[in-house]
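This report walks through the architecture of a structure, beginning with its division into domains and ending with a single helix. The sequence and coordinates follow.

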Amino acid sequence: MPRVSFEHITKTYGLMKVLDDLNLRIDDGDFLVLLGPSGCGKTTLLNLLAGLLDVTDGRIMIGERDVTDLDPKDRGLAMVFQSYALYPTKTVHGNLKFGLSASKLPRDEIEKRITWAAKLLQIEPLLHRKPGQLSGGQRQRVAIGRALVKNVGVFLFDEPLSNLDAKLRTEMRLEIKKLHDQLKSTIVYVTHDQIEAMTMATKIAVMNAGVIQQFGTPDEIYERPANLFVAGFIGSPAMNLRKAKLALANGKTEAIFASGVRLDVSDYPFVAPPQNGNEVIAGLRPEHFTLAATEGAAATFTVPVQYAERTGPDASAYFSFEDDLLALRVDPDIAARLTPGQSMGVSYLKGKTNLFDAHTGQRL
Amino acid sequence: MNDMTASHKALGAEIAVRSAPYFPRKKKVITGRSIAVIVFLSICALFFCVPLYVVIVTSFKTMDQIREGAMFALPNVWTLEAWDHAWNSACSGTRCEGLKVGFWNSVAILIPSLILSIGLSIVTGYALALWNVKWAGPFLFILFICAFVPFQIIMFPLISMTASLKVYGSIWGVAIIHAILAMPVLTLIFRNYYKDIPQEIMSAAVMDSGSFWKIFFEIILPMSGNILIVVLILQITSVWNDYLIGVTFGGMGGQPMTVNLANLITISTGTVRYNDNMAAALLTAIPPLVIYFFVGKLFVQGITAGAIKG
């Protein structure tokens with residue numbers, strides 16, 4: 001079954017290079033999420049795969065086939081669009097049927113597939129309605145159905161949930177995930193929403209400025225971000241990134257912040273042996289802090305409270321630390337008791353620090 | 001388009017009415033100013049209505065009553081004689097076959113010119129707006145320029161071209177010229193309309209089918225209802241009311257109704273048969289009015305249906 005690979009893809013619009021020598025391999029059955037901020041080239045990459053845009057240079061393979069110069073309809077792909085792109089004058093049935101118009105299938109096979117997809121997506125009662133008579137969630141299902149009937153190995157999703165409200169989005173997220181488990185097809189999914197990426201993907205490719213910053217499983221990307229961009233992009237509240245200097249003494253490696261706070265990083269798995277005085281950026285996840293002096297913490301220090309935010313089951317507290325805010329995830333009950341200006345002792349857990357080179361931004 | 005959009009529309013209208021600022025209406029006081037306004041407007045209305053009234057009543061009078069000279073009087077005897085005469089046997093030049101010749105000529109010109117001009121421009125507009133056509137920009141620019149070239153400038157070359165195509169002086173000559181002259185404007189209209197179709201719908205269609213004609217007939221054409229009605233009204237009116245192209249390219253055999261009417265009125269010997277002339281003028285003016293009457297309703301429906309947004 002299909003494995004999708006991009007080989008040395010370059011795409012230019014006029015003089016602007018959107019993608020430059022990009023390589024990416026998607027294994028069969030993978031749920032790949034292309035994640036990145038607006039304008040990072042993720043939708044361009046998807047459109048190149050779909051054939052809606054021409055590559056300037058490079059090769060796209062699906063399975064053993066070179067599809068670089070094939071027409072979109074001949075690539076064996078199905079796509080779900082952000083605005084659903086349903087045909088407004090056709091019924092739901094007509095929409096699904098038109099999805100099969102390039103394939104020369106016998107009529108009963110077409111009907112069989114439409115029935116199957118409608119059943120799977122629970123849109124059977126809607127088959128004779130027009131898109132204008134459907135709600136957002138129903139339209140989304142029809143759009144997915146139109147892709148499903150094609151019975152292809154690779155599905156493309158272009159930010160399909162961004163037009164839905166929060167509740168529906170959660171539901172559809174789960175359904176798409178279930179569909180993937182059921183059909184075992186390869187999915188390429190574009191989004192800027194990290195929750196969607198973290199919950200659905202088996203692999204994530206984080207993109208910025210046309211370059212893949214990191215490619216890996218959601219856990220790898222969250223726990224071991226490859227560089228400062230990924231570290232800052234994934235996670236909410238974002239990872240706290242602070243400049244520090246490495247100090248090696250007495251068999252201990254410590255990162256010393258400008259304010260003199262010392263962070264023990266002896267157990268950090270350095271790729272190359274650290275040097276005394278190396279300038280680094282330490283990344284501290286908000287959830288790895290505790291609001292009390294903890295035995296064997298990597299660092300313990302006192303900081304004044306700025307403000308706290310509660311979002312139902314969660315709460316974040318912001319402290320001022322070295323002229324900037326330090327975000328911590330805290331218990332909502334505690335957050336309610338924090339008063340601005342109050343000094344609190346905080347500890348950072350051992351073994352949870354991320355270190356990046358201050359000059360290259362790469363993980364150490 | 002459907003119940004739901006209709007009810008939405010109704011709801012929208014209701015909200016608009018409710019949210020309109022409410023002021024207690026001032027008591028109307030008749031002032032010198034308001035009288036002046038009413039008088040002025042009445043004069044304007046009469047300016048259009050009086051001639052129309054005269055035309056209509058005259059067409060139902062007998063020649064005997066007309067000779068009495070009471071222009072504004074109602075007919076003593078209401079008669080359709082003049083209408084019958086104008087339609088069947090009024091003379092234009094040497095032929096005395098009435099307006100019906102011109103009417104059927106106009107119909108024979110209208111139908112092929114409509115099919116030709118709309119058929120060609122709708123496909124051109126579709127291709128220019130939704131497909132990646134090479135040189136589409138320069139082509140559009142040239143079309144735009146063409147839309148503003150006055151017909152009179154290219155009249156003589158067109159005459160010799162139609163002559164060499166052996167259609168000069170026939171119904172086909174007039175129909176083809178109408179179609180060609182309408183092409184730039186109609187193409188621009190269709191192209192601009194199709195530019196508003198969301199790109200994603202086209203992308204989806206290209207991935208689903210990829211066929212230029214299949215996408216056109218199954219997806220795009222059904223979405224074109226409103227603009228087709230608009231273009232239809234535009235074309236029918238301009239073709240039916242045209243005089244210059246008809247008189248130039250129609251020759252003797254292909255004269256449309258307007259040319260027929262002009263000949264009927266201007267070339268006459270003996271007494272001027274006012275009642276015939278008035279009836280003939282009304283007969284010529286009625287077809288576009290009928291079209292407005294029927295299609296105009298669809299026109300409004302088409303605009304409010306919002307076919308594109310779905």
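In this predicted model, the domain assignment of chain A gives two entries, domain 1 covering residues 4-233 and domain 2 covering residues 241-357. The C-alpha centres of domain 1 and domain 2 of chain A are 39 Å apart, and the contacts between them involve five residues of domain 1 of chain A and five residues of domain 2 of chain A. Along its principal axes, the C-alpha trace of chain A spans about 75 × 45 × 35 Å.

Chain A contains nine helices and 20 strands, and of its 364 residues 40% are buried. When contacts in chain A between residues at least 6 apart in sequence are considered, 65% of them join residues at least 24 apart.

One sheet of chain A can be followed strand by strand. Six strands form this open sheet, in the order E6-E7-E8-E3-E9-E10 of chain A, with mixed pairing. Strands E6 (77-80) and E10 (211-216) of chain A stand at the edges and each has a single partner strand, so that one side of each is left without a neighbour in the sheet. On average, and with direction ignored, neighbouring strands of this sheet are turned by 15 degrees against each other.

At the E6 edge, four bridges join E6(A) to strand E7 (residues 154-158) of chain A, and the two run parallel; the bridge partner of Val80(A) in E7(A) is Phe157(A). Helix H4 (residues 136-148) of chain A packs on the sheet, where it touches E6 and E7 of chain A, and the direction of H4 makes about 175 degrees with that of E6(A).

The residue ranges stated for elements of this region are collected below.

| Element | Residues |
|---|---|
| Strand E6 of chain A | residues 77-80 |
| Helix H4 of chain A | residues 136-148 |
| Strand E7 of chain A | residues 154-158 |
| Strand E10 of chain A | residues 211-216 |

Turning to chain B, helix H2 (residues 32-59) has 28 residues and reaches 40 Å from its first C-alpha to its last, which is close to the 40 Å expected at 1.5 Å a residue. H2(B) nevertheless has a kink of about 30 degrees, centred on Leu46(B). How many of the 28 residues of H2(B) are buried? The number is two, and H2(B) therefore lies largely in the open.

Methods
Residues are numbered from 1 along each chain as its sequence is written. Chains are lettered from A and ligands numbered from 1 in the order in which they are written. This is a predicted model: local features need pLDDT of at least 70, side-chain atom pairs count only at pLDDT 80 or more; totals for chains, interfaces and linings use all residues. The expected span of a helix is 1.5 Å times one less than its number of residues. The bend at a residue is the angle between axes fitted to the seven residues ending there and the seven starting there. A residue is buried if 20 or more other C-beta atoms lie within 10 Å of its own, exposed if 12 or fewer, and partly exposed in between; C-beta atoms are placed from the backbone. Two strands pair if DSSP finds at least two bridges between them. Axes are lines fitted to C-alpha atoms, for helices over the stretch in contact, and angles run from 0 to 180 degrees between N-to-C directions. Two residues are in contact if their C-beta atoms, placed from the backbone, lie within 7 Å. Domain bounds come from an automatic or database domain assignment.
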